Every structure is written in structure tokens, then in C-alpha cells.
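Trainee: I'm new to this one. Could you pick a single part of the chain and take me through it slowly, then show me how the rest fits around it?

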Amino acid sequence: GDVHTIGHGLGVTPQVWIVKQRSGNGEFEDWFFWHHQMAASNVVDNRMLFLNTTAAVATYTGINAVTSSTIRVKSSTTAQNGDTYVAYAFAEKQGYSKFGKYVGNGNANGSFVYTGFKPACVIIKRSDAVNNWLIYDHKRSGYNPKQDKLYPDDTSAEDASTTSVDLLSNGFKLRASSASQNASGGTYIYMAFAENPFTTST
């Protein structure tokens, strides 16, 4: 199939990237989401989540390579030359952002995830089962536990149910045993961004 090379300008290999096709029809109509903690071989791996669905991690043969300068994806079924794409790439900065994984403990006094900073925003997805994406932030609830959340994978309004987290000075703590964020033995990936970064984006 056609290989598409997308420059990201980070100067280091991304730990998270997201790609969406903007024009044409083909395999990249979904929001392709790659996270380094889902990979078996660190950087070059073909396991994906989709930001617009609740699906568990799936193997996709179109992933080609991730380097310090580019993301390369391959269309295996549809010729897509001339189509346009949007891509977002993220690399960790100490004290600024963290992209990791954790295993749930199935307890309302849930797992603590160390980030090294107080998160302003945390995005969570269970990678080994079908569940919603969750977005928590420090603005909407204004206090712990944070219950107000958004679901990137559907059109629902903000949800204020009991599924919740604490955003703490050095990480976040799960405060529910729900399957979407803290099932016993469940595997989760996350993206966290600092409220008051100890460093700058440069």
C-alpha cells in the first residue's frame, strides 16, 4: 500500500501520536491513537487505539515506523495519495507531561499513579477491554475527587457520576472501582499534563 510520512518536529521520538484523515475515504477516517506503553517493542509496533471508539487495543498492519523526525503510516487497502491528514505528536517533558500506564486494583481506594507533578488534565483509556475514554481536569469540579468527565468517544454531555479521581501534587489517584478506570488487573494507558509546569515546553 501507500506509505505516508508525516513530520512532527519534536526532535525526539514521540511517545504518543494521533492521526486523522481530513479528506478522501480510507483507513484513517478514525482517530488513530498510538501510545508507547501499548507497544511490545517500544517504538516500532502496530497496536492502536481509536480516540473516537471504545474499542480495546487492536493490531493494525498499517503502522510503519516512528522516528525522531517522522511518523510513517501505510495504507494496506486503499490508495490515498493526495489525501490530507492532521497529526498530533507528544513527547514527555519532565515536570510538564507524562504518558504511561497502570494496572487497576478494583478498589475504590484505587491505584496511585506517580507523574512527578500536579496534573491539570488526565486522559485515561482501558487498553485491554472495551470502555470509554475519560478526560478529567482541574477546572470543572474545582475540588477532589474530580467527578466531572468527558468521553472523547461519544457525543455525551459532561458526566458527573461517581467514577472519579483525585488530582494530587505529584500524580493522580483512582477513587472508584469502575471498569473504565480501575478494574482489578485491568490495563490502562494515560496522558497527563501539569497544572504548574516545573519546566517549559521548549
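Mentor: Sure, let's start with one residue pair: Phe112 has Lys173 as its bridge partner, and Lys173 sits in strand S14. Keep in mind throughout that this is a predicted model.

So S14 is our part. The strand covers residues 171–174, and both of its faces are covered. On one side you have Gly171 and Lys173, on the other Phe172 and Leu174, and all of these are buried. That split fits a general habit: in a regular strand the side chains alternate between the two faces of the sheet.

Now look at the neighbours along the edges of S14. Strand S10, residues 112–114, pairs with S14 in the antiparallel sense over 3 bridges. Strand S13, residues 165–168, is also antiparallel to S14, with 4 bridges. One of the bridges to S14 puts Leu168 with Gly171. The link from S13 to S14 is a hairpin of 2 residues. As background, strands of a sheet pair through backbone hydrogen bonds, either parallel or antiparallel.

Next, zoom in on Phe172. Leaving out residues up to four places away in sequence, Phe172 touches Tyr102, Ser111, Phe112, Val113, Thr115, Val122, Ile124, Asp166, Leu167 and Tyr190. Several of those names come back when you look at the largest nonpolar core, which has 17 residues. The residues with the most contacts inside that core are Tyr102, Ile124, Phe172, Leu174 and Tyr190. Two or more residues each come from strand S11 (119–126), strand S12 (134–137), S13, S14 and S15. The largest share, 4 residues, is supplied by S15. There is also a second, separate core of 12 residues, and among its members are Val19, Phe32, Trp34 and Val66.

Phe172 has aromatic company too: together with Tyr102, Tyr188 and Tyr190 it makes up one aromatic cluster. Across the protein the count of aromatic pairs comes to 11. One of them is Trp17 with Trp34, a stacked pair at 6.2 Å centre to centre and 15° between the planes. This pair links distant parts of the chain, with Trp17 in strand S2 (residues 16–21), Trp34 in strand S3 (residues 32–35), and their positions 17 residues apart. Trp17 counts as buried because its relative accessibility is 0%, and Trp34 counts as buried because its value is 1%. Back in the cluster, the rings of Tyr102 and Tyr190 have centres 6.4 Å apart and planes at 40°, so that pair is tilted. Here too distant parts of the chain are linked: Tyr102 is in strand S9 (residues 97–103), Tyr190 is in strand S15, and they are 88 residues apart. Both Tyr102 and Tyr190 are buried.

Now follow the chain onward from S14. Asn182 lies in the loop between S14 and strand S15 (187–194). Is Asn182 buried or exposed? Buried, because its relative accessible area is 0%. Its contacts, again without residues up to four places away in sequence, include Gly104, Asn105, Gly106, Asn107, Gly110 and Ser111. Asn182 also reaches Leu174, which belongs to S14, along with Ala176, Ser177 and Tyr188.

Another loop residue to find is Ser127, between S11 and S12. Ser127 counts as buried because its relative accessibility is 6%, where under 20% is the cut-off. Beyond residues up to four places away in sequence, Ser127 touches Met38, Leu49, Ala56, Val57, Thr187, Tyr188 and Ile189. Notice that Tyr188 turns up in the contacts of Ser127 and in those of Asn182.

Elsewhere in the chain, an open sheet of 5 strands runs in the order S5-S4-S3-S2-S8, with antiparallel pairing. The edge strands are S5 (58–59) and S8 (85–90), each pairing on one side only. Strand S4, residues 47–50, pairs with S5 over 2 bridges, and Arg47 stands opposite Thr59 in S5.

Finally, step back to the whole protein. The secondary structure comes to 0 helices and 15 strands. Of its 202 residues, 46% count as buried. Among contacts with a separation of 6 or more, 62% are between residues 24 or more positions apart. The protein exposes about 9,200 Å², and carbon and sulfur atoms supply 48% of that.

Key: Residues are numbered from 1 along each chain as its sequence is written. This is a predicted model: local features need pLDDT of at least 70, side-chain atom pairs count only at pLDDT 80 or more; totals for chains, interfaces and linings use all residues. Side-chain values use heavy atoms; hydrogens and water are left out. Buried means under 20% relative accessible area, exposed over 50%, partly exposed in between (1.4 Å probe, protein chains only). Contact means heavy atoms within 4.5 Å. Accessible areas come from the Shrake-Rupley method with a 1.4 Å probe; for residues, only the protein chains shown count as cover. Two strands pair if DSSP finds at least two bridges between them. A nonpolar core is a set of buried Ala, Val, Leu, Ile, Met, Phe, Trp, Tyr and Cys residues joined through side-chain atoms within 4.5 Å. Rings of Phe, Tyr and Trp (its six-membered ring) pair if their centres lie within 6.5 Å; planes under 30 degrees apart count as stacked, over 60 as edge-to-face and the rest as tilted.
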